[in-house]
Amino acid sequence: MLSRAPLPAVEQGWSDGLDRKLWRFLARRAPARRVALAGPCAVASLTFDDVPDSAATVGAPLLERRGVAGTFYVAAEWCGRRDRHWRVAGRSEIRAVARAGHEIGCHTARHVNVQSLGLPELARECDRSRDLLIEICGQDPRHFCYPFGDLGLSQKRYLAGRFATCRSIYESPNLGRIDPALLGAVGLFDAGYDRERLAVLVRRTVEARGWLILYTHDVAAEPTPIGASPRILDEALTLLADHGVPVLTMSDAARHHGLLPRD
Ligand SMILES: [Zn+2]
């Protein structure tokens with residue numbers, strides 16, 4: 001794990017009731033489908049959850065300077081809102097991120113724990129997210145990220161039919177046969193950052209021709225416990241470049257590994 005710091009309340013939406021724990025357990029173990037990663041080499045994706053304004057104004061340009069594009073999971077109804085930790089990027093900032101060539105993904109419309117939703121409500125949440133994101137930046141999202149990392153079995157099955165991939169916060173590179181509705185991701189946070197541990201994960205991904213997905217939130221010299229400084233973002237990109245690992249959006253990485261048709 002790159003960060004062992006406790007999560008702040010913003011990502012503490014895990015449901016702790018016994019029934020909820022059971023559904024989460026089943027959702028993790030019952031794959032919607034298993035697919036072998038088929039790409040000729042390892043790839044990585046850099047993803048940003050919630051999209052605080054600093055992810056859009058500092059993180060995205062940093063990636064652009066390095067010639068790579070990221071995937072930004074937006075909870076569209078939160079655009080422009082201020083919460084305890086940061087201001088969420090506004091519509092114009094999200095539009096600028098999309099225009100610069102980055103991908104926009106769905107993080108529900110209201111950053112809601114999908115385990116708390118019945119399927120009709122979940123469908124409405126995804127419809128609302130799609131409509132807002134098309135209005136904001138013209139992108140119909142093909143990739144989903146579970147708010148709070150939480151999920152249930154029926155919700156995962158529904159989302160598997162609706163999105164090309166669903167990303168979790170289960171800390172693992174994606175190697176061999178994977179469940180596209182439950183992709184692992186590794187937190188890139190300054191709090192507890194361990195460069196050597198990241199290097200080990202990159203090498204494992206290279207050897208297995210896998211898919212390493214990194215995620216973070218805000219990007220600042222002094223980030224929150226779930227954010228990254230420009231320094232470690234740069235360091236991660238350098239590490240990946242040194243190992244010959246291309247950094248691709250979720251869609252491009254999914255195409256690379258045969259999860260989406262090549263267009
Ligand atoms: Zn989130």
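**Strands 2 and 3, and a helix that packs on strand 2**

Hi everyone, let's start in the middle of the sheet, with strand 3, residues 71-74. Both of its faces are covered: Thr71 and Tyr73 on one side, Phe72 and Val74 on the other, and all of these are buried. Please keep in mind that this is a predicted model.

Now for the neighbours. Which way do strand 2 and strand 3 run when they pair? Strand 2, residues 43-49, pairs with strand 3 in the parallel sense, over three bridges. If you would like a spot to look at, find Phe48, which stands opposite Phe72 in strand 3. To get from strand 2 to strand 3, the chain passes through helix 2, residues 53-65, and this β-α-β crossover is right-handed.

There is also strand 4, residues 103-106, which runs parallel to strand 3 and is joined to it by four bridges. Here Thr71 stands opposite Glu103. The chain makes this step through helix 3, residues 91-99, and that β-α-β crossover is right-handed too.

Let's go back to strand 2. How many of its seven residues are buried? Seven of the seven are. Val43, Ser45, Thr47 and Asp49 point one way, while Ala44, Leu46 and Phe48 point the other way. Strand 2 also runs parallel to strand 9, with six bridges joining them. One pair to look for is Ala44 with its bridge partner in strand 9, Leu212.

That brings me to helix 7, residues 230-242. This helix has 13 residues and reaches 18 Å from its first C-alpha to its last, close to the 18 Å expected at 1.5 Å a residue. Which of its residues are buried? They are Ile232, Leu233, Ala236, Leu237 and Leu240. Because these residues cover an arc of only 140° around the axis, they sit on the same side of helix 7. As a reminder, an α-helix has 3.6 residues a turn, so residues three or four places apart point the same way.

What do the buried residues of helix 7 pack against? Their partners are strand 2, helix 2, helix 6 (195-207) and strand 9 (211-216). So we meet strand 2 once again, because the buried side of helix 7 packs against it. Turned away from that buried side is a face carrying the exposed residues Arg231, Thr238 and Asp242. Just after helix 7 comes Gly244, with a positive phi of about 70°.

Next, the nonpolar core. In soluble globular proteins, nonpolar side chains tend to be buried together. The largest nonpolar core here has 73 residues, and Val51, Val74, Ile94 and Leu214 touch the most other members. You have already met Val74, on one side of strand 3. As for Val51, leaving aside neighbours within four places in sequence, this residue is in contact with Ala56, Phe72, Val74, Val88, Ala89 and Ile94.

Finally, let's step back to the whole protein. The secondary structure comes to eight helices and nine strands. Of the 263 residues, 49% are buried. And among contacts between residues at least 6 apart in sequence, 75% join residues at least 24 apart. Thanks for listening!

How values were computed
Residues are numbered from 1 along each chain as its sequence is written. This is a predicted model: local features need pLDDT of at least 70, side-chain atom pairs count only at pLDDT 80 or more; totals for chains, interfaces and linings use all residues. A residue is buried if 20 or more other C-beta atoms lie within 10 Å of its own, exposed if 12 or fewer, and partly exposed in between; C-beta atoms are placed from the backbone. Helices (H or I, at least four residues) and strands (E, at least two) are DSSP runs, numbered from the N terminus. Two strands pair if DSSP finds at least two bridges between them. A crossover is right-handed if, with the strands pointing away from the viewer, the path from the first strand over the helix to the second runs clockwise. The expected span of a helix is 1.5 Å times one less than its number of residues. The arc is that of the directions from the helix axis to the C-beta atoms. Two residues are in contact if their C-beta atoms, placed from the backbone, lie within 7 Å. A nonpolar core is a set of buried Ala, Val, Leu, Ile, Met, Phe, Trp, Tyr and Cys residues joined through C-beta atoms within 7 Å.
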